[in-house]
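Trainee: I should be grateful for a close look at one part of this structure, the site that holds the ligand. Which parts of the protein surround the ligand, and what does each contribute?

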Amino acid sequence: MSIRIMGSGSAIPKRKVTNDELCGFIDSNDNWIKERTGIISRYISMGETVRTLACKAAKKAIKDAGINACDIELIIVATCSAEQALPCIACEVQKSIGAEGAVAFDLNAACAGFLFAMNTADTYISGGIYKNALIIGAEVLSNIVDWSDRSTCILFGDGAGALYFEKDNSKLRFIQKSNGFKGEALSCYQRDSKSAFYEGDILYKYVKMDGREVFRFATRVVSDTILRLLDEEGMTVDDIDMFLLHQANLRIIECIAKRLKADISKFETNVERFGNTSSASIPILIDEVRRKGKLTEGMKIVISGFGAGLTYSACLMEL
Ligand code: ACO
């Protein structure tokens, strides 16, 4: 038993921000950003929230799938930048789309969050607990980025993507891993720890990143995990029609392709236009390639997410 994509949708803030615009207030330039990251522009919230973007993407996926929201049984929102802690965004989506019968909860595994949520949905559905799932990745990272830190603020963008899945019999395999021992490489402490009983610590509330460490981690674990996944299925890189990786930055994707000895043309990208949207990047990319008609029945694709935690996951899917 497995799950199949039946509908997709995405929602992007209206405001596009180019590298040149960023360089109006940080000491950088368009060439440096393009060369090191591949990013040319990103979309930044002008009031759009994780909740509003998630709801918009969800409605588009439901419309695309041609289903009634009342029939949705499971909603998971992957996010690490929600403006609100309670209620969770998935419950807000449930209310907004009218999915009265659904179970809804959020999941945070940073940039690997969408794949962790997909794996969770697959486990529930394969176990016969639910028949379908709406999985959303939504982020407004512009809220947690230090806009005076040129080494991080150039990387991120805002947006949401949603995929609707139903039970199926095609091949679907996941490998999912965490390495909390390297968590300091990418962190963000959003709330202070003050209470009536404790003075509290002053925490740096923006994204803090050891860029080189993250680069090394991503390129090594993603290629190793994909190779292990294929090996366990008796397949090779040549058997794969398309690679859909978390859109962290173009150099990471190119380096992974090289390590896999895979044809770079098999790697779909949109990081150039959206920047790194963390848990939203994979569903936004899948929505784009689906709409372009590039995903056809029988194709074998590999999806991989990696990020803070550190967390990483790879998935082999036969369409
Ligand atoms: N413009 C100009 N110079 C810059 C900028 C900038 N925007 N940012 C940093 N620099 C400078 C640094 O200050 C440093 O200067 P110095 O040598 O005088 O000290 C120099 O460039 C080199 O800095 P590094 O951090 O070593 O630059 P590097 O080549 O590693 O590139 C980058 C930085 C792009 C962040 C790279 O490390 C990277 O791609 N890391 C992966 C991080 C990533 O993609 N994270 C995404 C989030 S996590 C995820 O999604 C998995």
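Mentor: In this predicted model, a polar atom in the side chain of Asn276 lies 2.8 Å from an oxygen atom of the ligand. Another ligand oxygen contact involves Arg36, where an N or O atom of the side chain is 2.5 Å from an oxygen atom of the ligand. With Ser28, the ligand takes part through a nitrogen atom, which is 2.6 Å from an N or O atom in the side chain of that serine. On its own the ligand has 1,000 Å² of accessible area, and the protein covers 76% of it.

These three residues belong to a wider shell. There are 24 residues around the ligand, and those that come nearest are Ser28, Arg36, Arg212, Asn249 and Asn276. Sorted by class, the shell consists of 12 nonpolar, 8 polar and 4 charged residues.

The elements that build this shell can also be named. At least two residues each are supplied by α2 (30-37), α6 (150-153), α7 (211-232) and β12 (300-307). Of these, α7 gives the largest share, with 4 residues. At the level of domains, both domain 1 (2-170) and domain 2 (174-318) provide at least three residues of the shell.

As for the place itself, the ligand sits in the largest pocket. To draw the picture together, the ligand in that pocket is surrounded by residues from both domains, with polar side-chain atoms of Ser28, Arg36 and Asn276 facing its nitrogen and oxygen atoms at the distances given above.

Methods: Residues are numbered from 1 along each chain as its sequence is written. This is a predicted model: local features need pLDDT of at least 70, side-chain atom pairs count only at pLDDT 80 or more; totals for chains, interfaces and linings use all residues. Side-chain values use heavy atoms; hydrogens and water are left out. A residue is near a molecule or strand if one of its heavy atoms lies within 4 Å of it. A polar contact is a pair of N or O atoms within 3.5 Å; within protein, one must be able to donate a hydrogen and the other to accept it, and residues adjacent in sequence count only if both atoms are side-chain atoms. Accessible areas come from the Shrake-Rupley method with a 1.4 Å probe; for residues, only the protein chains shown count as cover. On a 1 Å grid over the protein atoms alone, a cavity is a set of points where a 1.4 Å probe fits but cannot get out, and a pocket is an open set with protein on both sides within 12 Å along at least five of seven lines; lining residues have an atom within 4 Å of a point. A molecule sits in a cavity or pocket if more than half of its atoms lie within 2 Å of its grid points. Ala, Val, Leu, Ile, Met, Phe, Trp, Tyr, Cys and Pro count as nonpolar, Asp, Glu, Lys and Arg as charged, and the others, Gly among them, as polar. Domain bounds come from an automatic or database domain assignment.
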